[in-house]
Structures are given as C-alpha cells and as structure tokens.
Amino acid sequence: MKRLVPFLLAGCGIFHGERVADRPRAPIDTTQTFGDFAPQPAPADPPDLVFVEPRTRITALRNGVRVVWLERRDLPITSATIAVGGGSGDGAPGAVSVLFHRLQTSIAPDLDLFGAEVNRFVAHDAAGIELATIEKQVGPSLAIAGQRFVKPSFEDIEGSRHAVAGAISSRPEALAEDAALELFGFRARASAEALAKLRPDDVARAQRALASADDVVIAIAGSFDAAATARVLESTFGMLPVSPHDSESAPVVTPTDRKRATIDRPKSAQTTIAIALPSPTLGDRDDAAFQIVCEILGSRANAVARERKGYSYGVRPSCGALFDRVLLVMLDAESGRAAEAEADVLAAVESLSREPPDDRELAIGRTRVGARLVGTFHSNRTASTVLALAALHGAKEGAFGDFWQRARNVSQADANAAVRSWYADPRVVLVGDFNR
Amino acid sequence: MRIVAYLSSVLVLACGARAVSPSDTIAVSARHEHYWAPNGLEIVLQPDHRAPLVSVRVRYHTGSKDDPKDRAGIAHLLEHLTFASGTMNRWQELGAIDADAATTLDATDYWVTLPSPALDNALWLEAERMGSGSVKIDEATLAREKEVVVAEWSEKIGNRPYGLLEPTLRASLFPADHPYRHLAIGDPAEVRAIPLADVVAFAKKHLVPDNATLIVTGDFDPVKARAAIARDFGAIPPGEPLRTRLVVTPVQPVRDVARMQANVSAPVLAVAWLGPPVGAEGWDAAKVALGRIGGAIVRRRGFAVTATTDGGRLGTLLELRVRGDATTSFEELAAEIALATKVIGRPDLTSDRAGEIASTLFGFEDLTTRTAHIAEELDLYGGADYANEQIHAARQLDPSDVRDAIDTFFKPERAAWVRIEPSKDAPPGGKVLE
C-alpha cells in the first residue's frame with residue numbers, strides 16, 4: 001500500500017494527531033552557479049494549424065436509426081451518444097428535460113456497476129444521452145441504455161421534476177440562457193411554472209414523439225468490436241418504431257421584439273450578464289466567418305472586462321458550439337458595476353462594425369477555431385456528441401473538414417458580412433437583485 | 001542530471017462480462033521521461049501522438065497552506081498577478097483550447113493545452129513567468145486583480161447556493177493555526193489589505209524552479225522538448241533553501257455543530273469527517289467508504305446526497321450533504337447518516353473498482369486532466385505513471401479496508417455538522433448563524 005512519508009505519531013491534547021510534512025524542495029546541483037535570469041529571445045510564431053477530420057462511416061439499423069462510427073484503438077475506452085432530433089421546443093413545456101433526466105437516472109445505477117458513466121443534454125432542437133465506458137463494456141452499456149430508451153417508465157416523475165427545476169433555478173447562468181432563448185423566439189428548457197404543471201402522460205407523449213427511428217442518431221467513438229456492437233444496437237434501438245413522418249418542415253422561429261430581459265435573484269451580490277446573438281449552425285451561410293468573429297469578440301470583451309477594468313473574473317463566449325441557434329457572451333460582475341459591464345460588452349459587439357477585424361485578429365480567430373476542432377475530435381466524448389448532432393442536422397461525412405476549409409479561407413470581407421448579418425442585433429439578459 | 005525513463009507495458013486484455021475483476025488486466029501506454037534540471041526543476045515528458053495537441057503544466061508546490069498569518073489568499077492572488085501580464089492573450093493567440101491556473105491547498109498550477117507546433121512558445125512563456133513573474137507585479141495590476149479576486153469570491157462563494165458552507169465547515173474542522181483552515185481564495189477583506197511588498201516577497205520565495213514540476217504530454221518530440229526546456233528554464237536560479245514544516249493533523253473538530261440559513265426548499269444537513277492525508281494509509285478506502293455511506297442513504301430513503309472529498313498532504317475532509325424533503329427534521333437526517341455508517345459491513349467492491357479504473361482511463365484521454373493527475377501522483381507518491389498505478393491500486397482495494405476506514409475515520413468524534421435551514425430571506429450564499 002502506498003504511504004505518505006514521513007509519517008510520525010505525535011502529540012496529545014485536543015488536536016492530537018499525526019504529524020505530516022510539507023513537500024521538501026528539490027535537490028540542486030551545487031556544482032553549478034546561477035546568475036540573474038535573462039529570458040531567451042521569444043520563439044517565432046508557430047506554423048499554421050492543421051486539422052484533419054477523422055474518417056467516420058455512417059450505417060443504418062434495419063428500422064432506419066442512423067449510426068455514426070468513429071473507430072480508433074489508441075485507448076481502451078469508448079463513448080456513445082444517443083441523440084434525438086427534438087428538444088425543449090417540442091412537446092409540453094419541460095417534458096423533454098424531464099424525459100432525459102428520467103432516462104439518465106434510470107440508466108445510471110446499472111452502468112455504475114461496471115464503471116460506465118452517463119450524462120444528458122437538452123437543447124432547443126435536440127437532446128441526448130452520452131455514455132462513456134471501457135471498451136469491453138460497450139455492449140452491456142448500449143444494451144441497458146437501449147432497453148430504457150425503447151421502453152422507459154414515467155410513473156414517478158417527481159424526482160426529475162425537482163432536479164430539473166433546481167438545476168435551472170439555482171444557477172444564474174442557466175436562468176440567463178433560457179431567457180435568452182426566449183428573446184429569440186425559442187422555448188426555454190423548463191420554467192418552474194411549466195414543470196409544476198407537467199404530468200407523466202406529457203413525458204410519455206414526448207418520448208413517443210421523439211423516440212422514432214427516423215429521428216434518432218447513435219454516434220460511437222473509440223475502441224469497440226464493430227460487429228458485436230452492431231448486433232447489440234439492432235436488438236435494442238432496432239426495435240424503435242418508425243413514426244409516420246410529419247411532412248411539414250420545422251416551424252420558422254421568429255425573434256421577439258424584446259431586447260432585454262431581467263430576472264430577479266434577491267440578495268444576489270453579483271449580476272450575471274448575458275449578451276445574446278443569433279447564430280448560424282454548421283453548414284449555414286457565414287458559419288465559419290461567424291465562429292472566427294466570435295473568437296475576436298471574446299478577446300475584445302475580455303480585454304476590457306478582465307484585463308483593463310478587472311470587474312469580472314472573465315467573459316465566457318459560447319464560441320465553437322456549431323449547432324446552437326443563439327450565441328451567448330456571459331460574464332458576472334458585482335452588482336454596482338453591472339451597468340458598466342453591460343455597456344462595455346455591448347461596446348465590444350458594436351466595435352466589430354466600427355473597427356472591423358484586422359488580419360492579425362482574423363489569423364488568431366482562425367487558429368482558435370481550428371484548435372477547437374482538433375480538441376473536439378481528440379476526445380471520444382465530444383467527438384461522439386458532435387458527430388451525432390451533425391448527423392441530426394443532415395451534415396454529410398467530412399462536414400467538419402469542409403468547415404475548416406471555409407474557415408481557412410475567410411477574408412476580411414467575409415468577416416464583415418458575418419458581422420452585419422449576425423452581430424447587429426444583440427439582446428441582453430440580466431440576472432441579479434434589482435430591488436436593492 | 002538524474003534520468004528515470006521506463007516503458008510501461010501496453011496491455012489491454014479481456015475483462016469480465018459485467019464488471020472489472022481484480023484478475024483483469026487493463027493498462028495504458030505511459031512511456032515517459034522523469035528527470036531534474038540542475039536548478040531543481042522536476043520534469044516529466046510523456047509523448048502521445050493521438051492528435052496534434054500538447055499540454056503543458058507547471059505546478060508550484062505552494063498553495064494556500066503557505067499563506068502567512070493575516071494574508072489568507074496571497075498564494076491565489078499571486079496566481080492571478082502572474083497570469084495578468086498578458087499571458088492569457090498570448091495563449092489565445094497560440095490557439096489554446098484550455099488555458100488556466102488554479103490555486104489549491106497545496107499547490108498552484110498553470111496549464112495550457114494547445115496545437116503542438118506551439119510547444120516552444122508555451123515553454124518560453126512558462127519560463128518567462130518563472131524567471132520574471134515577481135518583477136512584473138506593480139501597484140496598478142495589484143489593485144485591479146484584487147477586485148477580480150473579490151469578484152471570483154462572489155461568483156464561487158457568495159453567489160452560489162449556500163456557498164458559505166465550505167468556509168463554515170473548514171472553520172469547524174481545523175484549528176486557527178492550521179494551514180487548511182481557510183479557503184484558497186481567501187477572504188475578500190484580507191485580500192484587499194495585502195500590500196505589494198508582501199506579494200513580491202512571496203513570489204520571490206515560491207516562484208522558483210526547485211519548487212516546481214513541469215509536465216509535458218501530447219504530440220511532441222522529447223529530444224527537442226528537452227533542448228527547449230534546458231534553453232528556456234536552465235538559467236533560472238533556484239530559490240533560497242526552506243525548512244520543511246511539520247503540521248499536526250487534527251482528529252477532533254473545533255466545533256461540533258454550526259447553523260446556516262439558505263434559500264433552499266428543504267433542510268440540508270452537511271457533515272464532514274476529518275480524514276487521513278491524501279495518499280496516506282486508509283485514504284483510498286476512506287473515499288470508497290464515503291461513497292458507500294452516501295449510497296446507503298439514497299437507497300434507504302431516497303434523499304438527495306452529495307459526497308465530496310477535499311484536502312491534501314496535511315489532512316482531508318470527507319463531506320456529505322443530505323437534503324430531505326420539506327418535512328424532514330435535522331435529527332432524522334443525522335440518524336440516517338449514523339445508520340448508514342453502521343450498516344456497511346465488508347462490501348462487494350466490484351463496481352467501485354470498475355468505476356475507479358474507468359474514471360482513470362477517461363482522465364487519461366484528456367491531456368489537461370492527464371497532466372493534473374501526473375502532478376498529483378508525483379506529489380504524493382513520487383512516480384509519474386499515475387494511470388497504471390491507479391488501476392493497480394483499485395484492484396488491490398479490499399472490503400476489509402473499507403470497513404476499517406469507516407471504523408477509523410467516520411467516528412462521531414471526528415465529525416463537524418452544519419445545519420442549513422430554509423429561509424426565503426437568506427442571500428444566495430447563505431447566512432451563518434453561529
């Protein structure tokens with residue numbers, strides 16, 4: 001058994017206990033002498049980043065459920081994402097959030113037995129379950145998830161109702177995010193009022209509507225036995241019914257006229273500020289230029305809020321979320337400086353028009369966009385989720401590589417066009433104590 | 001220059017059908033070099049060519065345990081000041097996907113994960129921070145970063161649901177002169193009072209190579225990395241010798257019960273037991289025992305339970321938070337916790353072992369997390385092959401160790417309690433009553 005040394009018994013009295021030691025300093029080579037430190041000349045800027053999208057293949061189960069495979073055997077672990085093409089905008093308000101919480105909590109105890117993990121996500125137009133497991137447990141993990149997914153139980157939704165409500169109401173950033181979605185005409189994930197009215201039937205209806213074979217995508221990334229995994233998927237998700245497809249296209253979402261929303265959080269010493277902007281998704285016009293400009297906006301906002309004025313721990317833009325319809329630039333500031341913080345971040349947004357991004361900013365933004373892609377595909381967890389979302393959005397194999405090519409070619413004119421189209425109508429959400 | 005290099009065997013063999021058993025063999029390739037520079041800088045290089053990314057972490061073995069009296073939060077403030085001189089901007093320019101710093105009880109870490117062609121730039125920036133960090137601190141930067149730290153305190157403590165619980169528990173468990181009594185972030189009033197001269201002196205004492213470990217993992221050539229490290233860090237002079245301090249780890253809290261009010265819908269009872277130092281005899285078993293106790297409460301009553309551990313080389317706290325429904329009394333919650341510590345005998349640890357092995361592998365996948373785990377392993381056990389060591393330790397865990405840990409560490413006389421009463425008028429972080 002490993003032990004910490006030295007480890008001496010000592011002392012008596014109220015706080016008697018073991019004596020433990022601080023870490024000693026490292027040994028020095030006493031034959032060498034050291035003068036004052038003079039830094040070496042700074043290295044030149046590194047060469048341009050290279051992103052190569054890993055090869056995937058897409059198959060379908062006999063009922064039409066699409067499966068995206070990203071196979072690599074460098075580590076004995078695997079992640080799988082089961083995503084549906086509907087989210088908080090579908091069904092009774094709050095139903096999808098409760099549905100996926102129920103799914104997660106019904107799967108987790110069984111997966112826990114062999115160390116696998118399960119998480120969930122709910123967006124406006126998609127939701128999913130994420131599994132992470134060691135390679136030998138891919139089959140059992142998917143079998144358990146599949147059984148619950150195909151035949152869930154909704155008799156008791158009280159626990160999920162409270163958990164979902166608590167996860168949103170206790171976190172100012174979650175409140176801000178939901179309010180921002182509503183400003184742009186999207187339905188929030190779950191309000192306390194909606195959750196209170198929700199009945200088990202509503203959740204069951206949402207499950208029946210979303211768990212349709214033609215609206216489900218499974219993405220698997222990592223090390224697995226492809227043939228054995230396919231058999232497990234056929235015997236579980238292959239049982240999902242094919243619902244008569246709604247021939248109507250998705251309803252057009254129109255932004256509201258409201259430019260601001262405030263949410264009172266009594267006695268809060270800080271105000272959470274969210275600047276919200278409409279966002280193109282992967283494959284939309286301006287997608288690459290939009291993401292590069294997002295990186296530039298984040299830098300400009302941080303330069304003021306953190307580096308120059310220091311009223312915020314940091315500005316958090318949601319750059320890199322290639323399937324979100326709303327971009328959020330969030331920060332927290334002491335309530336006394338919230339108005340100044342809001343004005344500064346809005347000024348950073350407006351500066352994109354007044355002082356268009358220069359070549360250096362574009363190069364940095366491009367590098368950051370590429371680095372995010374590399375990072376996303378480096379991890380099995382994030383790779384499986386973006387691959388599932390891409391398939392739900394109808395993206396073809398190689399869509400991320402194509403996106404990177406577009407990003408590499410973004411010019412100043414492209415960036416300016418993206419600024420005009422997407423950054424001209426910022427909305428503001430404030431969460432704080434407004435009755436001081 | 002001492003060099004330790006070895007190759008761990010790459011073994012990924014069959015596991016059981018449902019769970020990992022002690023006889024299963026799972027391991028990862030963790031080839032690395034581990035050596036010390038002449039100025040005392042400890043270095044670990046672990047190449048991994050899965051993706052064109054590298055992660056660099058510099059750990060200074062200085063944390064809030066080293067904050068002098070009346071200067072709680074100075075280590076964390078220094079972390080902010082050495083980050084504030086434009087480093088973050090440069091990380092962004094280089095395409096960092098994860099760049100940050102953190103101060104814990106025992107250490108201050110700076111890390112960055114970025115495209116591998118930028119490794120030389122990253123090493124140069126860290127050498128600059130180590131060699132020149134204290135020189136660049138001025139009054140204007142200090143004043144600004146103090147406000148940033150106060151904003152961070154609000155964000156993480158004052159504005160979080162019953163965020164004041166942690167400082168309250170620490171104050172109950174550790175005596176006034178114990179290095180772990182205060183949070184790493186410190187207290188806003190004390191932080192605002194820290195003078196520039198104190199920060200500069202603290203930096204000169206601690207931002208030195210013989211107090212640091214540099215870890216590089218990812219897609220790089222170790223020969224070139226060694227040369228770059230020697231070039232950039234080699235001339236940084238070591239610090240003054242320091243005497244190793246011995247600290248008595250308490251086994252009895254200062255205060256048994258404290259009360260708080262918070263804007264919660266039902267009573268929450270928090271309890272923290274004084275545990276063994278991280279890595280000491282009984283630590284692994286105590287972590288498992290804590291999870292088992294929490295699980296027993298969930299299964300019996302369906303209460304919401306959160307189990308967390310915190311601490312370091314000088315002691316730990318093993319914490320449970322249990323939330324009942326609106327009608328549950330604190331006595332009922334306390335009785336459930338007491339019962340849970342008694343009902344666990346010699347538990348079947350199959351799922352615990354599997355969970356530990358799986359989470360080790362998930363952590364290994366992420367380069368940033370991997371460097372953090374390597375730093376931890378070096379700190380506590382002296383080796384850098386954390387993943388295989390963790391997997392081995394998980395396999396060795398014995399049910400009787402867990403029962404022994406419960407009998408040793410989860411005794412009523414080692415526990416401090418905080419009763420959190422619902423109150424609509426309480427601020428978000430809660431209000432401490434006594």
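How many bridges join strand β11 of chain B to β12(B)? Here are my notes on that and a few related points; keep in mind that this is a predicted model.

1. To take the opening question: β11(B), residues 304-312, runs antiparallel to β12(B), and 9 bridges join the two. They form a hairpin, with 2 residues between the strands. For a spot to look at on screen, try A304(B), whose bridge partner in β12(B) is R323(B).

2. β12(B) also pairs with β10(B), residues 268-275. That pairing is antiparallel too, over 8 bridges. Here W273(B) is the residue standing opposite L318(B) of β12(B).

3. How enclosed is β12(B) by the rest of the structure? Largely: the strand covers residues 315-323, and 7 of its 9 residues are buried, so the rest of the structure encloses most of it.

4. Zooming out, chain B has 14 helices and 14 strands. Of its 434 residues, 61% are buried. Take the contacts between residues at least 6 apart in sequence: 81% of these join residues at least 24 apart.

5. On overall dimensions, the C-alpha trace of chain B spans about 65 × 60 × 40 Å along its principal axes. The radius of gyration is 23 Å, which agrees with the value near 22 Å for a compact globule of 434 residues.

6. Last, the surface and the charges. Chain B exposes about 15600 Å², with carbon and sulfur atoms supplying 53% of that. There are 47 positive and 59 negative charges, and their mean positions lie 2 Å apart.

Notes:
Residues are numbered from 1 along each chain as its sequence is written. Chains are lettered from A and ligands numbered from 1 in the order in which they are written. This is a predicted model: local features need pLDDT of at least 70, side-chain atom pairs count only at pLDDT 80 or more; totals for chains, interfaces and linings use all residues. Side-chain values use heavy atoms; hydrogens and water are left out. Buried means under 20% relative accessible area, exposed over 50%, partly exposed in between (1.4 Å probe, protein chains only). Helices (H or I, at least four residues) and strands (E, at least two) are DSSP runs, numbered from the N terminus. Two strands pair if DSSP finds at least two bridges between them. The radius of gyration is taken over C-alpha atoms; the globule rule is 2.2 Å times the number of residues to the power 0.38. Contact means heavy atoms within 4.5 Å. Accessible areas come from the Shrake-Rupley method with a 1.4 Å probe; for residues, only the protein chains shown count as cover. Lys and Arg count as positive and Asp and Glu as negative; His and the chain ends are not counted. The place of a charge is taken as NZ of Lys, CZ of Arg, CG of Asp or CD of Glu.
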